[in-house]
Amino acid sequence: MKTYRCDVCGCTNVKLWRDYESAPRLLCFKHTMEKEHSAGDDGQSHSPNDDSIHWSVAAVPTNFAECMTEPIQALWGYTSVPPDAAAWWQALA
Ligand SMILES: [Zn+2]
(Lines give C-alpha, C1' and ligand atoms only; values in the text may rest on other atoms or scores of the structure.)
Protein backbone atom coordinates (compact mmCIF):
# COMPACT_ATOMS: atom_id res chain seq x y z
CA MET A 1 0.00 0.00 0.00
CA LYS A 2 1.01 3.60 -0.48
CA THR A 3 1.30 6.44 1.98
CA TYR A 4 -1.71 8.09 3.61
CA ARG A 5 -3.23 10.24 0.85
CA CYS A 6 -6.51 10.57 -1.03
CA ASP A 7 -6.67 8.26 -4.04
CA VAL A 8 -8.43 10.93 -6.11
CA CYS A 9 -6.81 14.29 -5.31
CA GLY A 10 -3.66 13.16 -3.48
CA CYS A 11 -4.18 15.45 -0.51
CA THR A 12 -2.35 14.58 2.70
CA ASN A 13 -2.54 15.42 6.40
CA VAL A 14 -6.33 15.16 6.34
CA LYS A 15 -8.75 12.49 7.56
CA LEU A 16 -9.36 9.71 5.07
CA TRP A 17 -12.13 7.13 4.86
CA ARG A 18 -12.24 3.76 3.18
CA ASP A 19 -14.99 1.57 1.84
CA TYR A 20 -16.17 -0.77 4.57
CA GLU A 21 -16.49 -3.78 2.28
CA SER A 22 -14.01 -3.64 -0.54
CA ALA A 23 -10.26 -3.31 -0.90
CA PRO A 24 -9.04 -0.10 0.65
CA ARG A 25 -9.46 2.94 -1.53
CA LEU A 26 -8.60 5.91 0.64
CA LEU A 27 -10.60 9.07 0.06
CA CYS A 28 -10.67 12.52 1.69
CA PHE A 29 -13.92 13.95 3.07
CA LYS A 30 -14.87 15.67 -0.20
CA HIS A 31 -14.31 12.57 -2.29
CA THR A 32 -15.89 10.25 0.25
CA MET A 33 -19.01 12.42 0.12
CA GLU A 34 -18.99 12.40 -3.69
CA LYS A 35 -18.62 8.63 -3.73
CA GLU A 36 -21.36 8.09 -1.15
CA HIS A 37 -23.75 10.45 -2.91
CA SER A 38 -23.34 8.45 -6.11
CA ALA A 39 -24.13 5.31 -4.09
CA GLY A 40 -27.35 6.84 -2.80
CA ASP A 41 -28.10 9.34 -0.05
CA ASP A 42 -28.21 7.94 3.48
CA GLY A 43 -30.43 10.83 4.54
CA GLN A 44 -27.93 12.18 7.06
CA SER A 45 -25.62 15.16 7.04
CA HIS A 46 -21.97 14.45 7.70
CA SER A 47 -18.94 16.33 8.93
CA PRO A 48 -15.23 15.46 8.85
CA ASN A 49 -15.58 14.37 12.49
CA ASP A 50 -17.70 11.35 11.53
CA ASP A 51 -15.79 8.07 11.68
CA SER A 52 -18.41 6.51 9.44
CA ILE A 53 -20.08 8.04 6.40
CA HIS A 54 -22.68 5.77 4.87
CA TRP A 55 -20.66 2.77 3.57
CA SER A 56 -17.28 4.34 4.31
CA VAL A 57 -15.41 4.22 7.61
CA ALA A 58 -12.33 5.92 9.03
CA ALA A 59 -9.11 4.67 7.45
CA VAL A 60 -6.71 4.27 10.38
CA PRO A 61 -3.32 2.72 9.56
CA THR A 62 -1.72 0.40 12.09
CA ASN A 63 1.53 2.32 11.53
CA PHE A 64 -0.21 5.68 11.79
CA ALA A 65 2.83 7.46 13.26
CA GLU A 66 4.79 7.05 10.03
CA CYS A 67 2.07 6.65 7.38
CA MET A 68 2.63 10.09 5.83
CA THR A 69 6.10 9.08 4.66
CA GLU A 70 6.09 5.26 4.78
CA PRO A 71 3.71 2.85 3.02
CA ILE A 72 0.67 1.87 5.05
CA GLN A 73 1.12 -1.63 6.49
CA ALA A 74 -2.52 -2.37 7.28
CA LEU A 75 -5.70 -0.64 8.37
CA TRP A 76 -7.47 -1.19 11.68
CA GLY A 77 -10.87 -2.80 11.49
CA TYR A 78 -13.62 -0.29 12.20
CA THR A 79 -14.49 -1.79 15.57
CA SER A 80 -10.92 -2.51 16.68
CA VAL A 81 -9.16 0.86 16.35
CA PRO A 82 -7.03 1.39 19.50
CA PRO A 83 -7.49 4.67 21.41
CA ASP A 84 -4.12 6.16 20.41
CA ALA A 85 -4.79 5.47 16.72
CA ALA A 86 -8.32 6.88 16.98
CA ALA A 87 -6.96 10.03 18.63
CA TRP A 88 -4.42 10.41 15.83
CA TRP A 89 -7.19 10.19 13.22
CA GLN A 90 -9.46 12.65 15.04
CA ALA A 91 -6.61 15.15 15.25
CA LEU A 92 -6.29 15.28 11.46
CA ALA A 93 -8.03 18.11 9.61
ZN1 LIG B 1 -9.70 13.78 -2.31
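These legends go with a set of close-up views of a predicted model.

**View 1. The whole protein, from end to end.**
Start with the full chain before zooming in. The protein has two helices and three strands, and from the N terminus on they come in the order β-α-β-β-α. The C-alpha trace spans about 35 × 25 × 25 Å along its principal axes. For 93 residues, a compact globule would have a radius of gyration near 12 Å, and the protein's 12 Å agrees with that. Of those 93 residues, 25% count as buried. If you look at contacts between residues at least 6 apart in sequence, 46% of them join residues at least 24 apart.

**View 2. How confident the predictor is.**
The pLDDT of the protein averages 92, and 96% of the residues score at least 70. Among the elements, helix 2 (residues 83–91) has the highest mean, at 98. Strand 1 sits at the other end of that ranking, with the lowest mean, 91.

**View 3. The three-stranded sheet.**
Here is the open sheet, with its strands in the order 1-3-2 and antiparallel pairing. Strand 1 (17–19) and strand 2 (52–53) are the edge strands; each has a single partner strand, so one side of each is left without a neighbour in the sheet. In general, strands of a sheet pair through backbone hydrogen bonds, either parallel or antiparallel. Zoom in on strand 1 and strand 3 (residues 56–58), and you have an antiparallel pair held over three bridges. One bridge to pick out is that of D19, whose partner in strand 3 is S56.

**View 4. W17 and the largest nonpolar core.**
The largest nonpolar core has 17 residues. Those with the most contacts inside it are L16, W17, L27, A58, A59 and V60. Put W17 in the middle of the frame and set aside its neighbours within four places in sequence: what remains in contact with W17 is L27, T32, I53, S56, V57, A58 and A59.

**View 5. A58, a buried alanine in strand 3.**
A58 belongs to strand 3. Is A58 buried or exposed? A58 has 21 other C-beta atoms within 10 Å, so the alanine counts as buried. Leaving out residues up to four places away in sequence, A58 touches W17, D51 and W89. A86 is worth including in the frame too: A58 and A86 are 28 residues apart in sequence, with 8.9 Å between their C-alpha atoms.

**View 6. P61, in the loop after strand 3.**
Follow the chain to the loop between strand 3 and helix 2, and you find P61. This proline is buried, with 25 other C-beta atoms within 10 Å. Which residues is P61 in contact with, leaving aside its neighbours within four places in sequence? They are Y4, C67, I72, Q73 and L75. As a longer ruler for the same view, P61 and D7 are 54 residues apart in sequence and 15 Å apart in space, C-alpha to C-alpha.

**View 7. Two residues with positive phi.**
Most residues other than glycine have a negative phi. N13 goes the other way, with a positive phi near 60°. H54 also has a positive phi, about 55°, although it is not a glycine. Now look at where they sit: N13 is in the segment before strand 1, while H54 is in the loop between strand 2 and strand 3. N13 counts as exposed because it has 9 C-beta neighbours inside 10 Å. H54, on the other hand, is buried, with 21 other C-beta atoms within 10 Å.

**View 8. Two exposed spots, G10 and D41.**
G10 is in the segment before strand 1, and with 8 C-beta neighbours inside 10 Å it counts as exposed. The C-alpha atoms of G10 and L27 are 8.8 Å apart, and the two residues are 17 apart in sequence. D41 sits in the loop between helix 1 (29–38) and strand 2. D41 counts as exposed as well, with 9 C-beta neighbours inside 10 Å. To place D41 against the sheet, use S56: these two residues are 15 apart along the chain, and 13 Å separates their C-alpha atoms.

Methods: Residues are numbered from 1 along each chain as its sequence is written. This is a predicted model: local features need pLDDT of at least 70, side-chain atom pairs count only at pLDDT 80 or more; totals for chains, interfaces and linings use all residues. Two strands pair if DSSP finds at least two bridges between them. Helices (H or I, at least four residues) and strands (E, at least two) are DSSP runs, numbered from the N terminus. A nonpolar core is a set of buried Ala, Val, Leu, Ile, Met, Phe, Trp, Tyr and Cys residues joined through C-beta atoms within 7 Å. A residue is buried if 20 or more other C-beta atoms lie within 10 Å of its own, exposed if 12 or fewer, and partly exposed in between; C-beta atoms are placed from the backbone. Two residues are in contact if their C-beta atoms, placed from the backbone, lie within 7 Å. pLDDT is the predictor's confidence in each residue, from 0 to 100. The radius of gyration is taken over C-alpha atoms; the globule rule is 2.2 Å times the number of residues to the power 0.38.
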